[in-house]
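Visitor: I'm new to this one. Can you walk me through it?
Guide: Sure, here it is.

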Amino acid sequence: MTAFFWIFALLIVGSALLAITRRNAVSTALWASLAFVGIAGEFVLMRAFFLAVVEVLVYAGAIMVLFLFVIMLLNLREKDLRLTEMPRLHWAGLVLSGLFLLGVVVTCRRAGLFDEPLAVRAEAVGETAALAPLLFQRYLLPFEIASFLLLAAIVGAVLLTKRRLS
Amino acid sequence: MTAGHLVVLAGVLFTLGMLGVLARRNILVILLSVELMLNAAALAFCAFAARAGNLDGQIMVFFVICVAAAEVAVGLAIVIALFRLRETVNADQVDLLRR
């Protein structure tokens, strides 16, 4: 299990790194979708099976297709790509990111998160049948709000992309 | 594999997304880096849920994914509207509010 953790971690970090450094937006989207597949793998290791499936369906599937469609729709010429080409980062950004990471590691150590290996209990296995009662009983109101949010997002997206309103 | 490993992995992924937002100028890549950061948060939620031994954190990841989907739909619509208006996807050239 630990070996799989490192394999997926390497996959995630490597493809995320490639995603943010590639010049072409299409390669960025494809590398990011590989990172999402790696995250789905970590979900499986945490016994969150439903989330792993949703991650692949929604992220690596729907969201990435949406991104690729928009990239295709914009039809960027070489001139536009050259304008946005290379990452330029102020050293302060790198220092702050390093400090942030250090803070995460120190906080985890002090909270004792490294102490015992993760053993997922039987009632914490995220199968669909186990998640459904929670989602439709205790979290019913957030669930309905989320559905309204998606509806509002759909209407908003259609409105924003319309050429002119009549 | 401990919960700490997973949280640190989420931290690394979040940092990479943050660097993407800071360093890149292509609006599409910036949006995608925001997605990476949201995924890092989801990973941390799931790690803490596994450690706490209940499913509430996994429900939270479900909502994170839901909000991310809505955010991408609206964000990409804005990118398209912006491209029609200014013919650019460079974040530096969209500076009307700065002048």
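Visitor: How do α1(A) and α2(A) cross, left-handed or right-handed?
Guide: The crossing of α1(A) and α2(A) is left-handed. That term applies if the near helix is turned anticlockwise from the far one by less than a right angle; right-handed is clockwise. Helices here are DSSP runs (H or I, at least four residues), and strands are E runs of at least two, numbered from the N terminus.

Visitor: Where does all this come from?
Guide: This is a predicted model: local features need pLDDT of at least 70, side-chain atom pairs count only at pLDDT 80 or more, and totals for chains, interfaces and linings use all residues. Residues are numbered from 1 along each chain as its sequence is written, while chains are lettered from A and ligands numbered from 1 in the order in which they are written.

Visitor: Back to that pair. What angle do α1(A) and α2(A) pack at?
Guide: About 160°, with the axes of α1(A) and α2(A) 8 Å apart. Axes are lines fitted to C-alpha atoms, for helices over the stretch in contact, and angles run from 0 to 180 degrees between N-to-C directions. The two helices are therefore roughly antiparallel. The cut-offs: under 35 degrees is roughly parallel, over 145 roughly antiparallel, 65 to 115 roughly perpendicular, and the rest oblique.

Visitor: Which residues of α1(A) and α2(A) meet?
Guide: On the α1(A) side, A:F4, A:F8 and A:L11 are among them. On the α2(A) side they include A:W31, A:L34 and A:L45. Contact needs C-beta atoms, placed from the backbone, within 7 Å. The residues of this contact divide into 14 nonpolar, four polar and one charged. Nonpolar covers Ala, Val, Leu, Ile, Met, Phe, Trp, Tyr, Cys and Pro; charged covers Asp, Glu, Lys and Arg; the others, Gly among them, are polar.

Visitor: Is A:F4 buried or exposed?
Guide: A:F4 is partly exposed, because 13 other C-beta atoms lie within 10 Å. Buried takes 20 or more, exposed 12 or fewer, and partly exposed is in between, with C-beta atoms placed from the backbone. The C-alpha atoms of A:F4 and A:G41 are separated by 8.5 Å, though the two are 37 residues apart along the chain.

Visitor: And A:T2, buried or exposed?
Guide: Exposed, because A:T2 has 12 C-beta neighbours inside 10 Å. A:T2 also lies in α1 of chain A. Its C-alpha atom is 9.1 Å from that of A:L45, 43 residues apart along the chain.

Visitor: What follows α2(A)?
Guide: A:R47, with a positive phi near 60°. A:R47 is not a glycine. It sits in the loop between α2 and α3 of chain A. A:R47 counts as buried, because 20 other C-beta atoms lie within 10 Å.

Visitor: New topic. How many residues does each chain put into the contact of A with B?
Guide: Chain A gives 72 residues and chain B gives 61. On the chain A side, α3(A) gives the most, with 11 residues. That side divides into 58 nonpolar, eight polar and six charged.

Visitor: How do α7(A) and α3(B) pack?
Guide: At an angle of about 10°, with their axes 8 Å apart. So α7(A) is roughly parallel to α3(B). A:L149 and A:L150 are among the α7(A) residues that meet α3(B), whose own include B:F63 and B:V67. That contact divides into 19 nonpolar, two polar and no charged.

Notes. Two residues are in contact if their C-beta atoms, placed from the backbone, lie within 7 Å.
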